[in-house]
Amino acid sequence: MSKRLDYNQIAPAGVKALGGVYGYVMQSSLSPALVDLVYLRISQINNCAYCLDSHTRDLLKKGVKIEKLALVQAWREAGNLFDERERAALAWAETVTRVAETNVPDEAYQAARVVFDERELVDLTIAIGLMNAYNRMAISFRNTPQAVLEHQA
């Protein structure tokens with residue numbers, strides 16, 4: 001699988017606009033590790049190798065243990081390895097990412113609102129939308145994961 005085109009070079013203003021949204025999310029009250037866990041889960045759902053590689057590396061740098069990363073996909077079965085906010089964020093990320101299937105039911109919204117205030121939930125949803133956009137860019141144009149580049153070197 002080879003890269004189709006470099007959207008960073010072709011549409012730098014568009015990529016910069018996405019970066020502005022990323023900057024907004026990172027200055028929100030959501031913890032960076034929580035946001036990266038959500039980004040990792042979304043990238044798992046969307047099968048985005050580039051983003052899976054990137055967010056796994058980011059989480060490892062933030063000190064998240066490999067055992068926890070290995071269970072992100074099965075977080076519901078991981079007991080208390082994930083705290084209440086992480087579980088709520090991962091559940092919300094899954095239903096919002098799969099919006100065409102789930103239609104984001106009232107029960108999912110109510111469960112998220114128990115844990116997140118209004119601003120946090122809006123910011124989390126912005127983060128979810130952003131990662132879905134990044135996944136679609138990376139998958140569509142075949143961004144090469146860093147792990148693949150390192151393996152080729």
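**Exercise 1. Glu120 and its partner**

Decide whether Glu120 is buried or exposed in this predicted model, then describe its salt bridge.

Step 1. The relative accessible area of Glu120 is 11%. Buried means under 20%, so Glu120 is buried.

Step 2. The partner of Glu120 in a salt bridge is Arg85, and their closest N and O atoms are 3.0 Å apart.

Step 3. Arg85 belongs to helix α6 and Glu120 to helix α9, so the salt bridge ties together parts that are 35 residues apart in sequence.

Step 4. Arg85 has 28% relative accessibility and therefore counts as partly exposed.

**Exercise 2. Two further salt bridges**

Find which residue pairs with Lys62 and which pairs with Arg76, and state how accessible each residue is.

Step 1. The count of salt bridges in the model is seven. As background, side chains of opposite charge can pair when their charged atoms come close.

Step 2. Lys62 pairs with Asp36, with 2.6 Å between the closest N and O atoms. Lys62 sits in the loop between α4 (49–61) and α5 (66–70), while Asp36 sits in helix α3, so this pair ties together parts 26 residues apart in sequence.

Step 3. Lys62 is partly exposed, because its relative accessibility is 40%. Asp36 is buried, because its value is 3%.

Step 4. Arg76 pairs with Glu94 at 2.7 Å, N to O. Since Glu94 is in helix α6 and Arg76 in the loop between α5 and α6, the pair ties together parts that are 18 residues apart in sequence.

Step 5. Glu94 counts as buried at 6% relative accessibility, whereas Arg76 counts as exposed at 52%.

Step 6. Arg76 and Glu94 are also linked with Arg41 in a network of salt bridges.

**Exercise 3. The nonpolar cores**

Identify which residues touch the most other members of the largest nonpolar core, and which helix gives the largest share of this core.

Step 1. The largest nonpolar core has 27 residues, and those touching the most other members are Val38, Tyr39, Trp92, Phe116, Leu124 and Ile128.

Step 2. At least two residues of this core come from each of α2 (12–26), α3 (32–46), α6 (84–97), α8 (106–115) and α9 (118–140). The largest share is eight residues, from α9.

Step 3. A second core, separate from this one, has 10 residues, among them Leu37, Leu59, Val64 and Phe82.

Step 4. Take Ile128 as a case. Beyond its neighbours within four places in sequence, Ile128 is in contact with Val38, Ile42, Trp92, Ala93, Val96 and Thr97.

**Exercise 4. The surroundings of Thr97**

Locate Thr97 and list what its side chain and the whole residue meet.

Step 1. Thr97 is part of helix α6. With a relative accessible area of 11%, Thr97 is buried.

Step 2. Its side chain reaches the backbone oxygen of Ala93 at 2.7 Å.

Step 3. Leaving out residues up to four places away in sequence, Thr97 touches Ile42, Ile45, Asn46, Ile128 and Asn132.

**Exercise 5. A helix pair**

Classify the packing of α4 against α9 from the angle between them.

Step 1. The two helices pack at about 125 degrees, and their axes are 8 Å apart.

Step 2. Angles of 65 to 115 degrees count as roughly perpendicular and those over 145 as roughly antiparallel. The angle here falls into neither class, so α4 is oblique to α9.

Step 3. On the α4 side, Tyr50, Cys51 and His55 make the contact; on the α9 side, Met131, Tyr134, Asn135 and Ala138 do.

Note on methods
Residues are numbered from 1 along each chain as its sequence is written. This is a predicted model: local features need pLDDT of at least 70, side-chain atom pairs count only at pLDDT 80 or more; totals for chains, interfaces and linings use all residues. Side-chain values use heavy atoms; hydrogens and water are left out. A nonpolar core is a set of buried Ala, Val, Leu, Ile, Met, Phe, Trp, Tyr and Cys residues joined through side-chain atoms within 4.5 Å. Buried means under 20% relative accessible area, exposed over 50%, partly exposed in between (1.4 Å probe, protein chains only). Helices (H or I, at least four residues) and strands (E, at least two) are DSSP runs, numbered from the N terminus. Contact means heavy atoms within 4.5 Å. A salt bridge is a side-chain nitrogen of Lys or Arg within 4 Å of a carboxyl oxygen of Asp or Glu. A polar contact is a pair of N or O atoms within 3.5 Å; within protein, one must be able to donate a hydrogen and the other to accept it, and residues adjacent in sequence count only if both atoms are side-chain atoms. Axes are lines fitted to C-alpha atoms, for helices over the stretch in contact, and angles run from 0 to 180 degrees between N-to-C directions. Angles under 35 degrees count as roughly parallel, over 145 as roughly antiparallel, 65 to 115 as roughly perpendicular and the rest as oblique.
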